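Please consider the protein shown below. The paragraphs that follow explain how its helices and strands are arranged.

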Amino acid sequence: MAGHSKWANIKHRKGAQDKKRAKQFTRAIKEISVAVKDGGGPDPESNPGLRNAISNAKGVNMPKDTIERAIKKASGADADNYELVTFEGYGPNGIAFFIECTTDNTNRTVASVRSTFSKNGGNLGTNGSLEFLFDKKGVFTIEREKIEMDLEEFELELIEGGASKIEKEEDFITIYTDFNDFGLMSSKLEDLEIEVKSSEVQRIPLNTVELPVEDAKKILNLVDKFEDDDDVQNVYHNMEITDELVAEMEHED
């Protein structure tokens, strides 16, 4: 788990220069749209899903007026009609993938995901065939510089808020909760007035598979190809992100 969060946080750090900024905005706007439609309307005070979507939009540096326009559009009569769909399959070397999408054209998305698998040595599976390999967890990422209180006191507050695991790195703190405690932790961080870089439900692999670095880089390349698809919101896999792999990827960039 630690390697996965470390790699995610490296990607967060690079976000300011990330060429995929436009796609990050697209995904954030879709998340806002779904939250408004399915989560209880355009008021973040009464819609916790929208609060999280706004927090994630801020995490990719989306301007406030862009967020407000997205909320306004999502609550209007001409709002886009997005559907949440998931896909499961195997990449090279038997690495399991779970892919979450938000789309207004399911047929297009199915064709795209299937094509990406087949062109990169993988195959699309049937829904439900791999879901058991992942555990749904609440995952909160906070920049250490945003925490002004004593760190030990902060950890005690997090445990009270349902934290099941806390990972501390140089720049970030990553908090994991059980799926059912996601709302509790969201409320705890709001009460503490802690600015959250991202807050989301993720699918964490129960067991991971370690690959040689060159093979592992091919899996990360496949992840990038999936993430290049505007319909794709999140990509999860069960490959172990080793320190050696992280060092290699940091060196390349």
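**Helices and sheets in a predicted model**

Helices α5 and α8 are roughly antiparallel to each other, because an angle over 145 degrees counts as such, and the angle at which these two helices pack is about 160 degrees. The model in which this is seen is a predicted one. Helix α5 covers residues 106-119 and helix α8 covers residues 213-227, and their axes lie 10 Å apart. The crossing of the two is right-handed. On the side of α5 the contact is made by Val113, Thr116 and Phe117, and on the side of α8 by Leu222, Lys225 and Phe226. Sorted by character, the residues of this contact comprise four nonpolar, one polar and one charged.

How confident is the predictor in this protein? The mean pLDDT of the protein is 88, and 91% of its residues reach 70 or more. Among the elements, α5 has the highest mean pLDDT, 97, whereas helix α1 (residues 2-13) has the lowest, 58. Where pLDDT is low, the predicted coordinates should not be read in detail.

The strands may be taken next, sheet by sheet. One open sheet consists of four strands in the order β3-β1-β2-β8, with antiparallel pairing. Strands β3 (123-124) and β8 (232-237) stand at its edges; each has a single partner strand, so one side of each is left without a neighbour in the sheet. Strand β2 (residues 96-103) pairs with β8 in the antiparallel sense over five bridges. Phe97 stands opposite His237 in β8. Helix α2 (residues 21-39) packs on this sheet, where it touches β1 (83-90), β2 and β8, and the direction of α2 makes about 100 degrees with that of β8.

Within the same sheet, β1 and β2 pair in the antiparallel sense over eight bridges. Tyr90 has Ala96 in β2 as its bridge partner. The two strands form a hairpin with five residues between them, and in this hairpin Asn93 takes a positive phi near 60 degrees. Strand β1 also pairs with β3, again in the antiparallel sense, over two bridges. Here Gly89 stands opposite Leu124 in β3.

Helix α2, already met on the sheet, also packs against another helix. Two packed helices are described by the angle between their axes and the distance between the axes. For α2 and helix α4 (residues 64-74), the angle is about 40 degrees and the axes are 9 Å apart. That angle makes α2 oblique to α4. The crossing of α2 and α4 is right-handed. Which residues meet in this contact? Ile29, Ile32, Ser33 and Val36 in α2 meet Ile67, Ala70, Ile71 and Ala74 in α4. The contact residues divide into seven nonpolar, one polar and no charged.

A further open sheet is formed by four strands in the order β5-β6-β4-β7, and the pairing is antiparallel. Its edges are β5 (163-168) and β7 (198-205), each with a single partner strand, so one side of each is left without a neighbour in the sheet. From one strand to the next, the twist averages 30 degrees. Strand β4 (residues 134-143) and β7 pair in the antiparallel sense over eight bridges. Thr141 stands opposite Ser198 in β7.

Two helices lie across the strands of this sheet. Helix α6 (residues 151-160) lies across β4, β5 and β6 (172-178), and runs at about 150 degrees to β5. Helix α7 (residues 182-191) lies across β4, β5, β6 and β7, and runs at about 10 degrees to β4. These two helices also pack against each other: the axes of α6 and α7 come within 9 Å and cross at roughly 145 degrees. The contact is made by Phe154, Glu157, Leu158 and Glu160 of α6 together with Leu184, Met185, Lys188 and Leu189 of α7. The residues of this contact divide into five nonpolar, no polar and three charged.

Key. Residues are numbered from 1 along each chain as its sequence is written. This is a predicted model: local features need pLDDT of at least 70, side-chain atom pairs count only at pLDDT 80 or more; totals for chains, interfaces and linings use all residues. Side-chain values use heavy atoms; hydrogens and water are left out. Axes are lines fitted to C-alpha atoms, for helices over the stretch in contact, and angles run from 0 to 180 degrees between N-to-C directions. Angles under 35 degrees count as roughly parallel, over 145 as roughly antiparallel, 65 to 115 as roughly perpendicular and the rest as oblique. A crossing is left-handed if the near helix is turned anticlockwise from the far one by less than a right angle, and right-handed if clockwise. Contact means heavy atoms within 4.5 Å. Ala, Val, Leu, Ile, Met, Phe, Trp, Tyr, Cys and Pro count as nonpolar, Asp, Glu, Lys and Arg as charged, and the others, Gly among them, as polar. Two strands pair if DSSP finds at least two bridges between them. pLDDT is the predictor's confidence in each residue, from 0 to 100.
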